[in-house]
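Here is a short report on one molecular structure. Please view the chain and its partner strand alongside the text.

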Amino acid sequence: MIDEILTRGVDEVIDKKNLEEKLASGKKLRIKLGIDPTSPNLHLGRAIPLLKLRDFQNAGHKIILIIGDFTGVIGDTSDKESERPMLGEKIIKQNMKTYIKQAGKILDIKKCEVRHNSEWLKKLDYHEIGRQAENFSLNEFISRENIKKRLDDGKRISLRELMYPLMQGYDSVAIKAGVEIGGTDQRFNLLAGRQLQRFYKQEPQDIITNPLIEGLDGRKMSSSWGNTVNLLDSADEMFGKIMSLKDEFIIKYFTLVTRVRLQEIEEIKKIPNPRDQKAILAKEIVKMYHGEKLAERAEKEFNKIFRNKELPSDMPVLEIPAGKYNIIDLLCLPAGRQATPLVPSKNEAKRLVEQKAVEILNGENKTKITDWKAEINLENGTIIKVGGRRFMKLKLK
RNA sequence: GGGCGUGUGGCUGAGCAGCAAAGGCAACAGACUGUAAAUCUGUCGGGGUUUCCCCUUCGUAGGUGCAAGUCCUACCGCGCCCA
């Protein structure tokens, strides 16, 4: 048990021996995770440390969740190839609201200590910051891979960015962290915590880094790439996204973002068709955030649309007076509750028609539209299908 | 403060005075199937009376050309070097 806590979804433990001893002693540890509310959504990559925290929580340790309402404004660059803009406090506040709720999908929030780091970071004055800064050298900063690369590429690095690790490090001091968890990209910041704790005569925290996970396109999962699976995604969306994952990441996902037992994962590996492995994965993940029922529904829905090429259960409805319509115009009319058109521009609609992506369904009657000048005679309940997964149902007024 | 560079579509990155602007990534569509995977092919600013026409776009504002992302001037941002 202790063994899995320190290995599954873990890249590195510093100082491992020390942490093992602490765990074995049965002492209740203070485990820290900081999250900056830089986007309204937590994604699956964030779930990795959160799950690790849950492991600790289940083992009876105290979880301290730090919402970076202060650091979020400054912006960490650890995971960035370019400068991260400073965010407005308003945005941060908005994002913050949903964060706890999202983290609560994994952790038992009631048992956590939730803190905001503006609480202590706001109070520091220049004198104190100066003393802290004395513990770090520019040389250390610029030898970080990320920073170094940007430096070499002639990209801008602001001084403000260099302050970030100090702040995160001071969080550890403020809450007297015993262990801190973070992605491998956080290593430098996590270590800064140890340095500052020593400076303030505290016992330095131990560190657990977790691997980063690839997103849907195979690049690292990141909100700025738009390749994320979000914890707040609907069940159907989540299922579909995971099905579109590259096959090579299936097992990695199983070990990192689920808690399916390791033996079971070995069994799943033996399933010959990766599609089936992925379906199990998708269902498992959806289950974690939406429950068993919705997970099952999502799977059925997915099979319905993509395996059997049937129609989805729900689709946006366009209410429209009866008559003849040009297909292009029809595609660009906003439908459904969010009132977004099936296709954003006429040029694109035309292209889609030319690419044989548009189909009109009238009951059993299916007609491919290949001429973008086509006039469509509407019937009540006519369904327009674009590509594999865009549908719209017509309702005559 | 001075010198030299640089600023291009969602991102990245070419660009010779005649381009809606190479390549890559992402996205979308088709074929295929194991699926929204992989692979292959195509598309990828907007609009139209659609084998062609019009509009908008290359940091901002002006200028010189029949013609400007491409030349000039000023301004703004960024980088490097010097101080």
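The notes below cover the domains, the surface near the RNA and one sheet.

## Model and domains

This is a predicted model. Chain A splits into three parts: domain 1 covers 2–210, domain 2 covers 235–307 and domain 3 covers 317–396. The centres of domain 2 and domain 3 lie 32 Å apart, taken over C-alpha atoms.

## Surface near RNA strand B

There are 30 residues around RNA strand B. Those that come nearest are Gly 154, Arg 156, Gly 240, Ser 244 and Gly 387.

Which kinds of residue make up the surface near RNA strand B: nonpolar, polar or charged? Charged residues number 15. Nine are polar and six are nonpolar.

Three helices each supply at least two residues of this surface. They are helix H12 (235–243), helix H15 (274–307) and helix H17 (346–354).

## The five-stranded sheet

One sheet is open and has five strands. Their order is E7-E15-E14-E11-E12, and the pairing is mixed. Strand E7 (317–320) and strand E12 (365–368) are the edge strands. Each of these two pairs on one side only. From one strand to the next, the twist averages 25°.

## The E11–E14 pair

How do strand E11 and strand E14 run, parallel or antiparallel? Strand E11 (residues 358–362) and strand E14 (residues 383–386) run antiparallel. Four bridges join them. Across the pair, Glu 359 stands opposite Lys 385 in E14.

Methods
Residues are numbered from 1 along each chain as its sequence is written. Chains are lettered from A and ligands numbered from 1 in the order in which they are written. This is a predicted model: local features need pLDDT of at least 70, side-chain atom pairs count only at pLDDT 80 or more; totals for chains, interfaces and linings use all residues. Domain bounds come from an automatic or database domain assignment. A residue is near a molecule or strand if its C-beta atom, placed from the backbone, lies within 6 Å of it. Ala, Val, Leu, Ile, Met, Phe, Trp, Tyr, Cys and Pro count as nonpolar, Asp, Glu, Lys and Arg as charged, and the others, Gly among them, as polar. Two strands pair if DSSP finds at least two bridges between them. Axes are lines fitted to C-alpha atoms, for helices over the stretch in contact, and angles run from 0 to 180 degrees between N-to-C directions.
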